[in-house]
2 protein chains.
Amino acid sequence: MPEPLLMSLENNVYLEDEALIIIDRRKLPRTVIPVYCTEAEEVAQAIREMMVQGAGDIAITAGFGLYLAAIRLEREGKGCNRVQLEKTASLLSATRPTGFHLALLLEKILEKVGQVGNNQPASAVILAFLQRALVRQKAVSQDTGRHAETLLVSGDTILTHCFAGAALLYMLKYARENGKDIKVICTETRPYLQGARLTAWSVSELGMDTRLITDNMAAWCMSRGMIQKVFTAADRIAMDGTVANKVGTLQLAISARHYGIPFYILGYGGPDRRTLKGEDIPMEERNAQEVLEFQGIPISGPKVKGFYPAFDLTPPELISAVITTAGIEKGSNRKKGAGKNVSG
Amino acid sequence: MPEPLLMSLENNVYLEDEALIIIDRRKLPRTVIPVYCTEAEEVAQAIREMMVQGAGDIAITAGFGLYLAAIRLEREGKGCNRVQLEKTASLLSATRPTGFHLALLLEKILEKVGQVGNNQPASAVILAFLQRALVRQKAVSQDTGRHAETLLVSGDTILTHCFAGAALLYMLKYARENGKDIKVICTETRPYLQGARLTAWSVSELGMDTRLITDNMAAWCMSRGMIQKVFTAADRIAMDGTVANKVGTLQLAISARHYGIPFYILGYGGPDRRTLKGEDIPMEERNAQEVLEFQGIPISGPKVKGFYPAFDLTPPELISAVITTAGIEKGSNRKKGAGKNVSG
């Protein structure tokens with residue numbers, strides 16, 4: 001069975017003839033549309049418009065944006081213009097504030113470029129860094145998936161929200177390899193429908209029994225005994241254990257608690273050490289117009305306003321465990337023992 | 001300010017030249033499309049396809065279907081063919097099983113036709129019955145809205161789900177007349193978007209400050225202190241206090257309980273005396289295909305299955321009060337003191 005397109009970032013975000021190609025996730029799975037970016041500004045725009053999503057994937061994609069900027073500076077004979085690179089990094093960093101991997105990875109790239117100085121072109125330093133980051137991200141996803149798989153029991157149906165990334169797919173792949181029969185229910189995840197378009201599609205391409213529900217059906221499925229475990233990702237975990245993730249995560253966690261269903265976070269590299277509390281996480285609010293229409297078609301009346309918080313905060317007391325590269329951490333204290341950072 | 005189209009059923013379901021005209025609610029508010037029905041079967045189809053919705057409105061619309069059948073029998077010189085009318089009533093009754101008003105109203109019409117016998121054409125008996133039912137339904141909506149309004153305090157923002165019917169609109173209208181400043185947040189209510197298309201539109205046409213959110217944003221809004229009260233309707237209330245309503249109601253009630261926010265049911269005529277327990281309510285499951293597409297466009301992969309429960313059950317312990325024509329009933333015991341039935 002071929003690997004689902006979204007299981008490895010290099011399948012859908014990659015360099016070709018010195019352009020960065022991004023497969024537009026907003027159009028998946030109906031159409032696979034490659035978007036060519038030759039400027040960092042175009043990459044920033046692609047991230048802003050959610051052609052690529054997921055905290056780790058966004059970070060590496062932005063890294064490629066910085067690479068394009070370095071290439072351009074070198075072509076123009078400006079060499080390693082540190083000021084210009086920092087300006088571009090700021091632009092890329094500002095696109096999506098809630099996930100912490102983006103700013104952190106760009107910062108680390110600039111640090112590396114600074115260390116190397118004039119011994120090597122910045123573009124080569126950045127590219128080498130990104131190639132290592134891709135390898136590391138795959139390993140982090142596999143390790144997280146391997147630990148999470150131990151939580152699954154044959155016969156389980158799991159619920160997932162939005163697109164929890166490659167760790168979810170590895171978890172399910174390993175479960176099948178271990179002979180466990182696992183079914184998956186995906187919430188469609190409005191307004192962008194990542195759950196329907198990315199998760200349900202990818203999981204079904206893995207060969208799993210996959211069912212799609214609308215976001216408002218989750219508690220009813222729980223109340224009927226249809227769901228044994230819930231797994232979501234996290235865009236950022238604060239040191240107090242609060243999880244920022246796609247809006248809707250909070251109400252799934254509340255419902256899971258109500259029905260005594262374990263609620264797990266695929267935490268990849270672990271918390272953001274620089275964010276102490278949930279309230280310190282910058283919460284992105286997107287253009288309200290995006291909830292007032294679907295694919296350009298208005299769905300309400302002309303006098304109606306919209307509200308589009310892209311993320312919500314789930315407090316640690318609603319989370320059964322966070323699964324990282326370091327293993328399964330129960331309870332709300334994850335100040336010690338967290339794994340390597342995705343972008344670190 | 002003109003009355004919103006959906007505030008009175010006679011604005012959107014009415015006879016014209018012996019055809020029944022139904023304004024197709026699936027197309028509102030963008031286009032106002034009148035669907036002409038001249039046969040009971042067409043009315044059944046319109047109900048099944050959700051051109052009209054809401055337990056009380058469905059019941060009266062089905063009654064007009066029975067009227068069309070009576071007209072046809074009389075034209076064909078078959079007079080009051082009781083067997084044929086009963087067959088048509090069964091067909092209409094089977095279209096939507098969860099709301100109880102439909103079967104009850106058709107039963108009462110047949111009873112009335114039987115009482116009158118051959119003294120009057122069945123069609124005239126049915127039409128007179130329906131005219132009284134329309135008047136009664138408006139009075140029930142107004143009374144329910146009047147009682148519910150007393151729960152509102154100036155400055156409240158209320159959350160509502162799906163389309164809670166005319167009682168919600170009257171409640172808001174009376175609140176404004178009483179000088180209360182009330183804001184409304186509507187969940188879009190997937191997959192048919194009744195919240196976006198019907199409620200948010202109607203409420204904004206009343207002149208209220210109206211905001212639309214996707215179904216997965218409700219708990220986050222609650223956690224931020226943005227919502228003071230939740231109001232939904234009920235398609236059926238069992239005698240044990242369990243409420244069947246549009247899927248998503250349950251998880252709103254769970255979230256409201258989590259945040260200590262009152263959760264109110266606009267109960268119109270009150271419970272169904274013949275349904276003792278929640279588990280006795282027939283729960284409609286609709287075509288799963290309807291969650292696999294969004295306004296006709298496929299949103300997931302070809303191997304993905306859907307699941308579309310149209311309703312869910314909210315237990316009485318999650319409900320702060322049920323508001324009926326008889327007033328506000330707190331707690332879960334509503335075996336006594338319930339108001340008149342919408343279709344009674």
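Here are a few friendly notes on the domains, the symmetry and one sheet of this predicted model.

1. Some ground rules to start. Residues are numbered from 1 along each chain as its sequence is written, and chains are lettered from A and ligands numbered from 1 in the order in which they are written. As the model is predicted, local features need pLDDT of at least 70 and side-chain atom pairs count only at pLDDT 80 or more, while totals for chains, interfaces and linings use all residues.

2. Chain A splits into domain 1 (5-139) and domain 2 (142-330), with bounds from an automatic or database domain assignment. Their centres, taken over C-alpha atoms, lie 25 Å apart. Domain 1 of chain A gives 19 residues to the contact and domain 2 of chain A gives 24; contact here has C-beta atoms, placed from the backbone, within 7 Å.

3. Now the two copies. A turn of 180° with a shift of 0.0 Å along the axis lays chain A on chain B with an RMSD of 0.2 Å (least squares on C-alpha atoms of residues with pLDDT of at least 70 in both). The copies are thus related as by a two-fold rotation axis. Within chain A, Asp215(A) comes closest to that axis, its C-alpha at 3.1 Å.

4. Finally, a sheet in chain B. Three strands (DSSP E runs of at least two residues) make an open antiparallel sheet in the order S8-S9-S14; pairing needs at least two DSSP bridges. Strand S9 (residues 243-246) of chain B pairs with S14(B) over four bridges, and Ala244(B) has Leu313(B) as its bridge partner in S14(B).

Terms used: Two residues are in contact if their C-beta atoms, placed from the backbone, lie within 7 Å.
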